[in-house]
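Work through these exercises with the sequence and the structure open side by side. Try each task before reading its solution.

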Amino acid sequence: MSSSTEFQYTVSGMSCQHCVHAVRSALVAVPGVTDVQVDLDSKQVVVQGEALDDAALRAAIAEAGYAAA
């Protein structure tokens, strides 16, 4: 039985493709993440995966230098 989950965040401070890459790279390194979609215009990040941990995802975004809301 799959426990696929999805989290959506607004990530402030992203202003260029480097920012998008930094956030995406940090998130795909989190265990269980299978897909990360980043929309630079809306600052929206959607993370999908198995048994994801919200705190771990937020920590990864913070380590990349950004804030998740």
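**Exercise 1. Locate alanine 51, then say whether it is buried or exposed and what sign its phi has.**

Solution. Step 1: place the residue. This is a predicted model, and in it alanine 51 sits in the loop between E3 and helix H2 (54–63). Step 2: check the surface. The relative accessibility of alanine 51 is 58%. The cut-off for exposed is over 50%, so alanine 51 counts as exposed. Step 3: read the backbone. Alanine 51 is not a glycine, yet its phi is positive, about 50°. Most residues other than glycine have a negative phi.

**Exercise 2. Which loop holds lysine 43, and what is its phi?**

Solution. Step 1: lysine 43 is in the loop between strand E2 (33–39) and strand E3 (44–50). Step 2: its phi is positive at about 65°, although lysine 43 is not a glycine. Step 3: lysine 43 has a relative accessible area of 26%. Partly exposed covers the range between 20% and 50%, so lysine 43 is partly exposed.

**Exercise 3. What is the strand order of the open sheet, and which strands stand at the edges?**

Solution. Step 1: write the order. The open sheet has four strands, ordered E2-E3-E1-E4, with antiparallel pairing. Step 2: find the edges. E2 and E4 each have a single partner strand, so one side of each lacks a neighbour in the sheet. Step 3: go through the pairs.

- E2 and E3 are antiparallel over six bridges. Valine 36 has valine 47 in E3 as its bridge partner.
- E1 and E3 are antiparallel over seven bridges. Glutamate 6 is bridged to glutamine 48 in E3.
- E1 and E4 are antiparallel over two bridges. Valine 11 has alanine 68 in E4 as its bridge partner.

Step 4: recall the chemistry. Strands of a sheet pair through backbone hydrogen bonds.

**Exercise 4. Which strands does H1 lie across, and which strands does H2 touch?**

Solution. Step 1: H1 lies across E1, E2 and E3. Its direction runs at about 165° to E2. Step 2: H2 packs on the sheet and touches E1, E2, E3 and E4. The direction of H2 makes about 35° with that of E1.

**Exercise 5. Which residues of H2 are buried, and which are exposed on the other side?**

Solution. Step 1: list the buried residues. In H2 they are Leu57, Ala60 and Ile61. Step 2: test whether they share a side. They cover an arc of only 100° around the axis, so they fall on the same side of H2. Step 3: turn the helix over. Ala55 and Glu63 are exposed on the other side of H2. Step 4: ask what covers the buried residues. The cover includes strand E1 (4–12), H1, E2, E3 and strand E4 (67–68). Step 5: follow the chain onward. Glycine 65 comes after H2 and has a positive phi, near 100°.

**Exercise 6. Which residues touch the most other members of the largest nonpolar core, and which element gives the most to this core?**

Solution. Step 1: this core has 20 residues. Val11, Met14, Leu27, Val45, Val47 and Leu57 touch the most other members. Step 2: trace the sources. E1, H1, E2, E3 and H2 each supply at least two residues of this core. H1 gives the most, with five residues. Step 3: take one residue in detail. Beyond four places in sequence, leucine 57 touches Phe7, Tyr9, Leu27, Val30, Val33, Val47 and Leu52.

**Exercise 7. How many aromatic pairs are there, and which rings form a stacked pair?**

Solution. Step 1: the count is one aromatic pair. Step 2: phenylalanine 7 and tyrosine 9 have ring centres 6.2 Å apart and planes at 5°. Planes under 30 degrees apart count as stacked, so this pair is stacked. Step 3: compare burial. Phenylalanine 7 is partly exposed, at 22% relative accessible area. Tyrosine 9 is buried, at 1%.

**Exercise 8. Where is alanine 29, and how far apart in space are alanine 29 and cysteine 16?**

Solution. Step 1: alanine 29 lies in the loop between helix H1 (17–28) and E2. Step 2: at 60% relative accessibility, alanine 29 is exposed. Step 3: alanine 29 and cysteine 16 are 13 residues apart in sequence. In space they are 21 Å apart, C-alpha to C-alpha.

Notes: Residues numbered from 1 in each chain as written. Predicted model: local features only at pLDDT ≥ 70, side-chain atom pairs only at ≥ 80, totals over all residues. Heavy atoms only, no water. Buried < 20%, exposed > 50% of the residue type's maximum accessible area, 1.4 Å probe, protein only. Phe/Tyr/Trp six-rings, centres within 6.5 Å; stacked < 30°, edge-to-face > 60°. Arc of directions from axis to C-beta. Contact = heavy atoms within 4.5 Å. Pairing = 2+ DSSP bridges. Axes fitted to C-alpha atoms, helices over the stretch in contact; angles between N-to-C directions. Core = buried A, V, L, I, M, F, W, Y, C linked by side-chain atoms within 4.5 Å.
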